[in-house]
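Please walk through the model shown here, taking the contacts one at a time and then the fold that holds them.

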Amino acid sequence: MERQEVSCPYCKQTMARWANPQLTNWSGEFQFVCLNDDCPYFVRGWGWMQEHFSVNASYRHRLDPVTGERGPLPVWSPEALRDNILREREENRHA
Ligand SMILES: [Zn+2]
């Protein structure tokens with residue numbers, strides 16, 4: 001199967017494969033998530049969350065490859081989510 005590459009519509013960076021946590025209702029095994037710390041979507045999210053919810057958090061752009069649904073994935077720090085990024089070896093195991 002050809003490796004699918006998806007780029008973020010906000011910053012044009014290649015989005016990472018992010019393994020879905022257990023016990024969610026997301027259908028696939030992973031989602032594409034933009035992990036670029038300079039992504040305008042992520043950068044302006046901090047101010048938005050502070051203004052609307054008075055919390056120090058933001059969100060990253062997410063794409064569900066199964067449904068095509070796009071949306072925000074909340075994060076509480078720039079390091080959040082990184083543990084779930086799929087490495088090549090793990091991808092092959094899923095293939
Ligand atoms: Zn981005």
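In this predicted model, the side chains of R60 and D37 form a salt bridge, with 2.8 Å between N and O. The pair joins distant parts of the chain: R60 belongs to strand β3 (residues 58-63), while D37 sits in the loop between β2 and α1, and 23 residues separate them. The two partners differ in exposure. R60 has a relative accessible area of 0% and is therefore buried, whereas D37, at 34% relative accessibility, counts as partly exposed.

D37 also meets the side chain of R82 in a salt bridge, at 3.3 Å from N to O. R82 lies in the loop between β4 (70-75) and α2 (88-94) and D37 in the loop between β2 and α1, so this pair ties together parts that are 45 residues apart in sequence. Like D37, which is partly exposed, R82 counts as partly exposed because its relative accessibility is 29%. D37, R60 and R82 are thus linked in a network of salt bridges.

By the distance rule used here, a side-chain nitrogen of Lys or Arg within 4 Å of a carboxyl oxygen of Asp or Glu, the count of salt bridges comes to three. One of them joins the side chains of R62 and E69, at 3.2 Å from N to O. R62 is buried, with a relative accessible area of 5%, and E69 is partly exposed at 39%. In general, side chains of opposite charge can pair when their charged atoms come close.

The next topic is the metal site. Which residues coordinate the zinc ion? The donors are the SG atoms of C8, C11, C34 and C39, at 2.2 to 2.4 Å. The angles that these four donor atoms subtend around the zinc ion run from 99 to 116°, and the arrangement is therefore tetrahedral; the criterion is that all angles lie between 85 and 135 degrees. Along the chain, the donors follow the spacing C-x2-C-x22-C-x4-C. C11 is in the segment before β1 (16-19) and C34 in the loop between β2 (30-33) and α1 (40-53), so this pair ties together parts that are 23 residues apart in sequence. Both cysteines fall under the 20% limit for buried residues: C11 counts as buried at 16% relative accessibility, and C34 counts as buried at 1%.

The contacts described so far can now be placed in the fold. The secondary structure of the chain comes to two helices and four strands, and from the N terminus on the elements run β-β-α-β-β-α. Of the 95 residues in the chain, 40% are buried.

The strands can be followed through their pairings. β1 and β2 are antiparallel and pair over four bridges, with W18 standing opposite Q31 in β2. Both faces of β1 are covered, as A16 and W18 on one side and R17 and A19 on the other are all buried. In a regular strand the side chains alternate between the two faces of the sheet. β2 is in turn joined to β3 by two bridges, and these strands also run antiparallel; the bridge partner of F32 in β3 is L63.

β3 and β4 pair in the antiparallel sense over six bridges. R60, already met in the salt bridge with D37, has L73 in β4 as its bridge partner. The two strands form a hairpin with six residues between them, and G68 in the turn has a positive phi of about 80°. β3 is mostly covered, with six of its six residues buried.

Two further features concern the loops and the surface. P21 lies in the loop between β1 and β2 and counts as partly exposed because its relative accessibility is 32%. P21 and N84 are 63 residues apart in sequence, yet their C-alpha atoms are 7.9 Å apart in space. On the surface, W48, F53 and V55 make a nonpolar patch of about 290 Å². Of these residues, W48 is found in helix α1 and counts as partly exposed at 38% relative accessibility.

Notes:
Residues are numbered from 1 along each chain as its sequence is written. This is a predicted model: local features need pLDDT of at least 70, side-chain atom pairs count only at pLDDT 80 or more; totals for chains, interfaces and linings use all residues. Side-chain values use heavy atoms; hydrogens and water are left out. Donors are N, O and S atoms within 2.8 Å of the metal (3.2 Å for Na, K and Ca); water is not among the atoms, so sites may look incomplete. Four donors count as tetrahedral if all angles lie between 85 and 135 degrees; four count as square planar and six as octahedral if opposite donors are over 155 degrees apart and all others between 65 and 115; anything else is irregular. Buried means under 20% relative accessible area, exposed over 50%, partly exposed in between (1.4 Å probe, protein chains only). Two strands pair if DSSP finds at least two bridges between them. Patches are made of residues with over 30% relative accessible area and no salt bridge: like charges are joined within 9 Å, nonpolar side chains (Val, Leu, Ile, Met, Phe, Trp, Tyr) within 5 Å. Accessible areas come from the Shrake-Rupley method with a 1.4 Å probe; for residues, only the protein chains shown count as cover.
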